[in-house]
Amino acid sequence: AGAALSCTPNNGPRAAVAGVATFVGCDINLASGTAYTLRAVDGVLTAATSTGITVSIGAATQLAFATQPSATATGGVDFAQQPVVVITDAGGNTVNNTSGVTLTITTPAGATLGCTNNGPLNATAGIATFAGCDIDLASTTPYTLHAADGVLNTASSNAITISVGPATQLGFTLSPTSTVSNTDFDAQPQVAVEDAGGNIVTGTNSGGVTLNVTAHTPASNLTCTGSTLTVAVVDGVATFSGCSMDIAGTEFTLTANDGPLTGTSTAFDITGGAAVSMQFTASPGASLTATNFATQPVVRLLDAVGNVATNDNTTVIALDLTRPSGPTGAVLTCSSVAVTVVAGVANFAGCSVDRASTVNYTLSSSFTGAFDAVSNPFVVTDPVIP
């Protein structure tokens, strides 16, 4: 029933020597509950039949594809016929093993095999049935699958040709890189019409892909050349230019839409631009003389649209006390009244004023040749002596 006899170097005709034909290396591949017999023939001589030979299943030695994956498929779409791998003995009989079988692409060249579980997938009664398998990238060179399980001899599938499928999504072939606010992205967005595997559906032309900033806090406005946020698709690709965003923040993404097709860029950051103003983000409150302010001063540098100038780590900001008409000689003391900003922010510490006043004080911040800022007003009082 499909079994094969194999001898070395062949099954015959084998020349007899002194009337004796000696065969070597003989085996039968398929195990069977029914004994086999061998039949010897030589021309017109009466044939001879051997005694019965019982062939049983041997130890696991190799893998084989019991069901081959589909010969053709499109990128990112499950094969119509999913691969099934069996664990067999040397004769190809399925061995009742439960070890794990792993599938890979024999020569991936950047492509990815995606199954519900690429493995190790435990075999059931020697059979590993894979599901949900697809290959993403189209290729003129066919792929093959490689099945492995520990020390067992591996197996390779028949060839699989992957072609470009229908358009199902948009993909950013170029995503913006982290950049400064109100400055063109170093990498301008480029969006492609893609199949399920991410292959560009060339030849596609449409009214256009529209870009938007994905919902984010803080909100930031996207502008591109000519305020054009919709660009026509030419041969499957929409290319944008002159795009930038105004408000700084981290982990922004862009969303692309073309009818029912959508896609999202990788994440990028927007940092503040060059400083054009200064602001107190923390001002002292009411305090006692010679006692450190409960709230220590914090000053930040701002760009033209109010972003913190986070790229600035060199500017030195100095604090001064704006003294009212009395008392005279009040002194502002800090751990340091001149602080270098870190990511656009100067944090002061140990600040106090030595004299009380019934008139409000304020602090001013400045750096040479540039703008300054004034804190909220605050009062300083003498401590109550019991």
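**Contacts, core and aromatic pairs**

User: Leaving aside its neighbours within four places in sequence, which residues is Asp-195 in contact with?
Analyst: This is a predicted model, in which local features need pLDDT of at least 70, side-chain atom pairs count only at pLDDT 80 or more, and totals for chains, interfaces and linings use all residues. Residues are numbered from 1 along each chain as its sequence is written, and side-chain values use heavy atoms, without hydrogens and water. With contact taken as heavy atoms within 4.5 Å, the partners of Asp-195 are Gly-75, Ser-163, Val-164, Gly-165, Pro-166, Ala-167, Thr-168, Gln-169 and Val-201.

User: Is Asp-195 buried or exposed?
Analyst: Asp-195 lies in the loop between β18 and β19 (206–213), where strands (E, at least two residues) are DSSP runs numbered from the N terminus. Buried means under 20% relative accessible area, exposed over 50%, and partly exposed in between (1.4 Å probe, protein chains only). Since its relative accessibility is 1%, Asp-195 counts as buried.

User: How far apart in space are Asp-195 and Thr-210, C-alpha to C-alpha?
Analyst: In sequence, Asp-195 and Thr-210 are 15 residues apart. From C-alpha to C-alpha, their separation in space is 19 Å.

User: Which element gives the largest share of the largest nonpolar core?
Analyst: The largest such core (buried Ala, Val, Leu, Ile, Met, Phe, Trp, Tyr and Cys residues joined through side-chain atoms within 4.5 Å) has 26 residues. Two or more of them come from each of β5 (62–67), β7 (84–88), β8 (100–105) and β13 (145–148). The largest share, three residues, is that of β8.

User: Which residues have the most contacts inside the largest nonpolar core, and what does Phe-79 touch?
Analyst: Inside this core, the residues with the most contacts are Phe-79, Leu-113 and Ile-135. Not counting residues up to four places away in sequence, Phe-79 touches Pro-69, Ser-70, Ala-73, Leu-113, Cys-133, Asp-134, Ile-135, Leu-145, Ile-160 and Ile-162.

User: How many aromatic pairs are there, and what is the geometry of Phe-185 and Phe-268?
Analyst: Rings of Phe, Tyr and Trp (its six-membered ring) pair if their centres lie within 6.5 Å; planes under 30 degrees apart are stacked, over 60 edge-to-face, and the rest tilted. The count by this rule is four aromatic pairs. Phe-185 and Phe-268 have ring centres 5.5 Å apart and planes at 65°, so their geometry is edge-to-face.

User: How many residues apart in sequence are the parts that Phe-185 and Phe-268 tie together?
Analyst: Both Phe-185 and Phe-268 are buried, and they form one aromatic cluster with Phe-252. Because Phe-185 is in the loop between β17 (179–180) and β18 (190–194) and Phe-268 is in strand β27 (residues 268–271), the parts joined are separated in sequence by 83 residues.

User: What is the geometry of the Phe-293 and Phe-378 pair?
Analyst: Phe-293 is buried at a relative accessible area of 4%, and Phe-378 is buried at 2%. Phe-293 lies in the loop between β29 and β30 (298–302) and Phe-378 in strand β38 (residues 378–381), so the pair ties together parts 85 residues apart in sequence. The ring centres are 5.3 Å apart with planes at 65°, so the pair is edge-to-face.

User: Leaving aside its neighbours within four places in sequence, which residues is Ser-287 in contact with?
Analyst: Ser-287 belongs to strand β29 (residues 287–288). Its relative accessibility is 9%, so Ser-287 counts as buried. Its contacts beyond those neighbours are Phe-293, Val-379, Val-380 and Thr-381.

Definitions and conventions. Helix = DSSP H or I, 4+ residues; strand = E, 2+ residues; numbered from the N terminus.
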